[in-house]
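Subject: Structure for your review

Dear colleague,

Please find below the structure that I am handing over to you. My findings follow directly after it.

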Amino acid sequence: MSETGTQADAGTAGDPIRGEALGTAPVPLSVLDLVTVGSGSTASRSLATSVELSKLAERRGYHRHWVAEHHSMPGVASSSPAVILAHLAAHTRRIRLGSGGVMLPNHAPLVIAEQFGTLEALAPGRVDLGLGRAPGTDGATAAALRRTDTLNEGADDFPEQLSELTRFLDDDFPDGHPYARIHAVPGPVQGPKGRPPVWLLGSSGFSARLAGLLGLPFAFAHHFSARNTVPALDLYRQSFRPSAVLDEPYALIGVGALAAEDEKEAHRQVLTGALSMLRLRTGRPGLIPTPEEAEAYAFSPAEREFADGWLSNVVYGTPDAVRSGLDELRKRTGADELMITANAHGGEARLRSYELIADAYGLPVLDPARG
């Protein structure tokens, strides 16, 4: 991991949470990567695409690159965010890297603290720890992950887990606590005191309110829960209490967006994501279909309604159309950052989309080595 020797200088400058809007973008732009696996491809190829995407995003001024924990989904290869992030850290120097997110109930808080303490040591000042409350999979898989049939996702359990994780990250359990002599390493017990900022993720109001009450940054999954976006962000802002982390709310939203040279090609690409989601929601998960397979699929009326509804929340088309759509979405939601996920069958289409969106906003071409 030869590049990490220069990462500290590149990653510690600036605000660890708030990004900088570049070019004509109204807010910072970032990347949400599901490491999708298309029909006829492999997980190895998809992970290689993620490396290329992270390097492209860094070069074109995207603020951060997050990967999301999913399990038992053939079309997604991001079951181990910490492992993927370590690999991305070895190939980048400036861009922030993080989880969007790690599903906290699936893991012991100490394990997460150790994993992200290790990432912070590998890429100082560049790591975000985004935490979700859902399992990131179906109930049976969640039970297999947690070795229990009792899936604790209630209002009492998650805040308790979050508090425990935060204390491990800060190494500040009070005297007399059963964990007072336990240290997450790498971590503050070794010095220095820096650690990844914690974000809460959500697709409803629970995490929005909790993030506000704790004064934490909040990330909302607009890309699959669009009808809840504005209510959740309003709740977050109304609930917000200033903290040592933030003096005012900071919220990003994940948004599905794909740009292509012409509208027809963009539609061909995003239709693959709609069909993939339809299959997932109806208990038939698989690899991401090709554009040809998606175009040839005989949608029933109910399936067509689902696909059209899904696509209505994806911003796609020519670069100018995507820019306009993202601008409108940002204005409507007041989001402080847009995190773009480009779901398509092939890596080439996804990489090209991020390049075209960067061009549409006039994002500069940066030298990653200079930070």
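Arg304 lies over the face of Phe299, at 4.3 Å from the ring centre. A second arginine is placed in a similar manner: the charged end of Arg133 sits over the ring of Phe206, 3.9 Å from the centre of that ring. Please keep in mind throughout that this is a predicted model.

Aromatic rings

Rings also meet one another here, and the structure holds 11 aromatic pairs. In one of them, the ring centres of Tyr62 and Tyr354 are 5.7 Å apart and the ring planes stand at 85°, so this pair is edge-to-face. The two tyrosines come from distant parts of the chain, 292 residues apart: Tyr62 belongs to the loop between α2 (43-59) and β2 (64-67), while Tyr354 belongs to helix α13 (residues 347-360). Are these two residues, Tyr62 and Tyr354, buried or exposed? Tyr62 and Tyr354 are both buried.

Phe168 and Phe173 make another pair; with ring centres 4.8 Å apart and planes at 75°, this pair is therefore edge-to-face. Phe168 and Phe173 are both buried as well. In addition, one aromatic cluster is formed by Phe218, Phe220, Tyr236 and Phe240.

The nonpolar core

In soluble globular proteins, nonpolar side chains tend to be buried together. The largest nonpolar core in this model has 99 residues, and the members that touch the most other members are Tyr62, Phe116, Leu131, Leu326 and Ile357. Tyr62 thus appears both in this core and in the pair with Tyr354.

Phe116 deserves a separate look. Apart from neighbours within four places in sequence, Phe116 is in contact with Ala82, Leu85, Ser99, Val102, Val127, Asp128, Leu129 and Pro196. Asp128, one of these contacts, also has a polar partner: the side chains of Asp128 and Arg96 are joined by a polar contact of 2.8 Å. Arg96 lies in strand β3 (residues 96-103). Although arginine carries a charge, Arg96 has a relative accessible area of 6%, under the 20% limit, and so counts as buried.

Strand β9

Where do the side chains of a strand point? In a regular strand they alternate between the two faces of the sheet. In β9, Glu337, Met339 and Thr341 point one way, and Leu338 and Ile340 point the other way. Strand β9 covers residues 337-341, and 5 of its 5 residues are buried.

Two strands pair with β9. Strand β1 (residues 29-33) does so in the parallel sense over 3 bridges, and strand β7 (residues 251-259) pairs with β9 in the parallel sense over 5 bridges. Met339 takes part in both pairings: Ser30 has Met339 as its bridge partner, and Gly254 stands opposite Met339.

Backbone features

Most residues other than glycine have a negative phi, and most peptide bonds are trans. The following places depart from that pattern.

- A cis peptide bond with omega of about 5° joins Gly100 and Gly101. Gly101 is in strand β3, the strand that also holds Arg96.
- A cis peptide bond with omega of about -5° joins Val185 and Pro186. Pro186 is in the loop between α6 (157-170) and β5 (198-202).
- Ser72 has a positive phi, near 55°. Ser72 is in the loop between β2 and α3 (81-89), and at 53% relative accessibility this serine counts as exposed.
- Asp171 also has a positive phi, near 55°. Asp171 is in the loop between α6 and β5, and at 25% relative accessibility this aspartate counts as partly exposed.

A histidine in helix α9

The last item is His267, which lies in helix α9 (residues 263-281). His267 is partly exposed, with a relative accessible area of 32%. Leaving out residues up to four places away in sequence, His267 touches Leu311 and Tyr316. The C-alpha atoms of His267 and Gly194 are separated by 44 Å, and the two residues are 73 residues apart along the chain.

With kind regards

Terms used: Residues numbered from 1 in each chain as written. Predicted model: local features only at pLDDT ≥ 70, side-chain atom pairs only at ≥ 80, totals over all residues. Heavy atoms only, no water. Buried < 20%, exposed > 50% of the residue type's maximum accessible area, 1.4 Å probe, protein only. Helix = DSSP H or I, 4+ residues; strand = E, 2+ residues; numbered from the N terminus. Pairing = 2+ DSSP bridges. Phe/Tyr/Trp six-rings, centres within 6.5 Å; stacked < 30°, edge-to-face > 60°. Lys NZ or Arg CZ within 6 Å of the ring centre and 35° of its normal. Core = buried A, V, L, I, M, F, W, Y, C linked by side-chain atoms within 4.5 Å. Contact = heavy atoms within 4.5 Å. Polar contact = N/O pair within 3.5 Å; in protein donor to acceptor, adjacent residues only side chain to side chain.
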